[in-house]
Amino acid sequence: MTSDPEYDVHARLDVTVEMRDGTELATDIYLPADDGILERPRPALLSRTPYNKRGELERHGEWFAKRGYVVAVQDCRGRFGSDGAFELFVNEPEDGYDTVEWLAEREYCNGSVGTIGTSYGAWVQSALATQDPPHLEAMFVNQGPANGRTATLRHHGAFELRWLCWALTLGGGFATRVLQDSALQERLANVDVRDVLAEGAVQRGQSPLREIPDYEEWLFELLETGDADDRVWQSPGINFEAYYDEMADVPTVYAGAWYDSYTKGTCDNFEALSERNESDQFLLMGPWTHGWNEYPLPSWNKPYAGEIAFGDRALLNYQEMRLRFFDRYLKGLDTWDEPPVRYFRMGTGDGSRRSSDRLSHGGEWATAEGWPLPETEYATFYAHPDGSLERTEPTASSATTTYQFDPDDPVPTIGGNCSSYVTYEQRDESLLEYPLEERHLETITGSGGFDQRTRPDTFGAEPPYGPLEHRDDVVVFRTTPLERDLTITGPIRVRLYAETTAVDTDFTAKLIDEYPPSDDFSDGFALNLTDSICRARYRGYRDDPDFVEPGAVYEYELELYPTANVFTEGHRIRLDISSSNFPRYDVNRNTGERLYGGRTAETATNTIYHDRKHPTSVELPVVPR
């Protein structure tokens with residue numbers, strides 16, 4: 001039986017919490033009370049955010065306080081009510097540690113502190129855990145990263161442009177200085193991020209962030225820095241993998257989703273820390289997209305992702321799940337009996353068109369004792385000269401497919417593991433008439449599962465619209481229609497053999513569940529499951545750049561985000577290879593210039609090998625059913 005909502009709530013707003021360097025962070029405290037009298041010391045929950053501690057997070061605080069928890073909601077350094085300068089993730093480890101220990105010393109706290117939060121609120125939890133605060137007792141980390149360089153900020157060398165979009169909207173728009181300057185906020189509110197992306201690489205001193213130079217500085221540091229040994233990528237606020245052995249060993253839930261921008265990081269954290277830690281670790285993966293700060297539920301209350309529907313069985317109650325966890329590990333109640341791994345296996349729907357106009361992809365929940373699943377049998381599917389994808393290795397002594405990669409005409413992003421690819425809706429009203437915090441965000445890429453075909457609202461697409469596979473720079477390999485269901489769950493790896501005429505270029509891979517034509521979808525439905533990219537100079541997760549020799553064949557290993565899906569009888573497994581996925585990733589100019597910001601561009605002739613000596617393939621984690 002979970003804690004009942006039996007208490008009144010007493011709020012202490014804008015409490016000052018002093019950090020070790022003297023910076024003061026604004027914190028709201030919600031206390032359980034009985035007839036106005038503060039209850040005895042209670043376990044505390046801490047939520048740290050750059051998105052304003054009021055509003056929806058205020059309701060979260062009240063919700064838990066009614067159930068007997070002290071709740072602290074804090075504005076991160078340099079955001080909203082807090083002092084100091086905001087630099088993406090830099091100060092979060094120490095600020096988080098100091099706040100945990102400050103909270104544990106309050107007379108209303110019994111010394112046990114748990115942490116909660118989604119997205120940035122997940123980053124800050126793992127960041128403070130690298131410092132191992134003595135009074136940290138449990139964490140519920142929803143949709144967070146493991147290593148910002150290998151996935152989430154950069155991805156195998158390429159930059160995830162969502163951070164540029166974020167800096168121009170939710171980042172820069174709510175900087176403390178901007179909030180104090182209505183004219184500056186108005187100018188940022190009127191920036192259409194789609195125009196910024198369409199104009200090509202932004203330049204220092206010329207971007208819309210030039211009037212808040214500290215934001216422009218950390219953005220360009222991330223854009224232009226790729227080497228692993230740089231201090232940026234070894235920071236405990238960005239690279240948690242480097243600090244696994246030092247992290248707090250406390251019960252933790254790592255929750256995420258198959259179409260989330262942090263899918264890989266969520267699974268990586270659980271896999272590594274469940275092996276290292278003695279305390280209970282849990283992995284929970286749903287079929288949703290990225291979602292944060294939605295009361296009372298995040299994306300967990302949406303039985304769909306993009307253009308596909310899963311049915312009501314996909315729904316979970318986010319608040320009740322967190323309450324059961326903390327009741328068990330902070331209060332000692334018998335409320336939590338989850339297995340180590342709980343995940344949603346997508347793909348058991350009938351493929352019909354729902355009333356919402358979404359394809360019924362369906363799915364079901366499953367459990368496991370570890371990750372990757374212990375019973376996994378890895379199956380390799382090889383690319384063949386005729387465009388087929390087969391279990392047998394190619395026998396041709398020489399076989400290639402060549403395409404032209406023009407950086408000025410990149411392959412458009414259509415959904416996937418995307419978040420923060422947004423812009424504020426453009427309106428004529430002033431900030432006084434229509435405040436920034438009330439303005440709707442418009443998606444640029446979409447997120448979740450989509451039929452991989454362009455349409456008039458696809459960013460970067462031009463008529464005639466249609467399937468991405470019809471582009472000359474997309475190479476497609478597919479199986480014959482499956483004779484029986486094939487279930488996969490886990491990480492996906494693509495091994496690609498290729499050459500290029502450039503000294504540096506990109507290669508992308510996308511795994512697709514290809515539905516056959518039906519009465520509801522006469523052209524079929526090419527459902528994206530997961531994708532990846534590899535920048536040639538950083539192939540093989542190199543620490544330092546190593547440019548390729550034009551005309552030489554290299555092996556590229558692409559680690560796609562993990563997923564769980566049933567390819568049902570009659571479907572095809574499809575692998576799309578190309579060299580761009582924009583604006584999900586920044587576009588390689590093929591010139592070997594600086595990592596970001598080059599103005600010149602060259603069209604590269606890229607060649608995929610799929611013969612006996614160079615067996616391009618995809619490795620799938622097959623699970624016997």
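Mentor: A crossing is right-handed if the near helix is turned clockwise from the far one by less than a right angle. Keep that in mind as we look at this predicted model.

Trainee: Which hand does the crossing of α1 and α11 have?

Mentor: The crossing of α1 and α11 is right-handed. Contact there is made by His60, Trp63 and Phe64 of α1 with Gln319, Glu320, Arg322 and Leu323 of α11.

Trainee: What makes α1 oblique to α11?

Mentor: Helix α1 (residues 56-65) and helix α11 (residues 318-329) have axes that cross at roughly 45°. Angles under 35 degrees count as roughly parallel, and 65 to 115 as roughly perpendicular. The value fits neither class, so α1 is oblique to α11.

Trainee: Then why is α4 called roughly antiparallel to α8?

Mentor: The axes of helix α4 (residues 162-171) and helix α8 (residues 213-224) cross at roughly 165° and come within 10 Å. Angles over 145 degrees count as roughly antiparallel, so that name applies to α4 and α8.

Trainee: How do you know which classes of residue make up the contact of α4 with α8?

Mentor: Look at who meets whom: Trp163, Leu164, Trp166, Ala167 and Gly171 in α4 meet Tyr215, Trp218 and Leu219 in α8. Trp, Leu, Ala and Tyr count as nonpolar, while Gly counts as polar. The contact therefore divides into seven nonpolar, one polar and no charged residues.

Trainee: And how does the contact of α1 with α11 divide by class?

Mentor: That contact has three nonpolar, two polar and two charged residues. Glu and Arg count as charged, and Glu320 and Arg322 of α11 are in the contact.

Notes. Residues numbered from 1 in each chain as written. Predicted model: local features only at pLDDT ≥ 70, side-chain atom pairs only at ≥ 80, totals over all residues. Heavy atoms only, no water. Axes fitted to C-alpha atoms, helices over the stretch in contact; angles between N-to-C directions. Helix = DSSP H or I, 4+ residues; strand = E, 2+ residues; numbered from the N terminus. Contact = heavy atoms within 4.5 Å.
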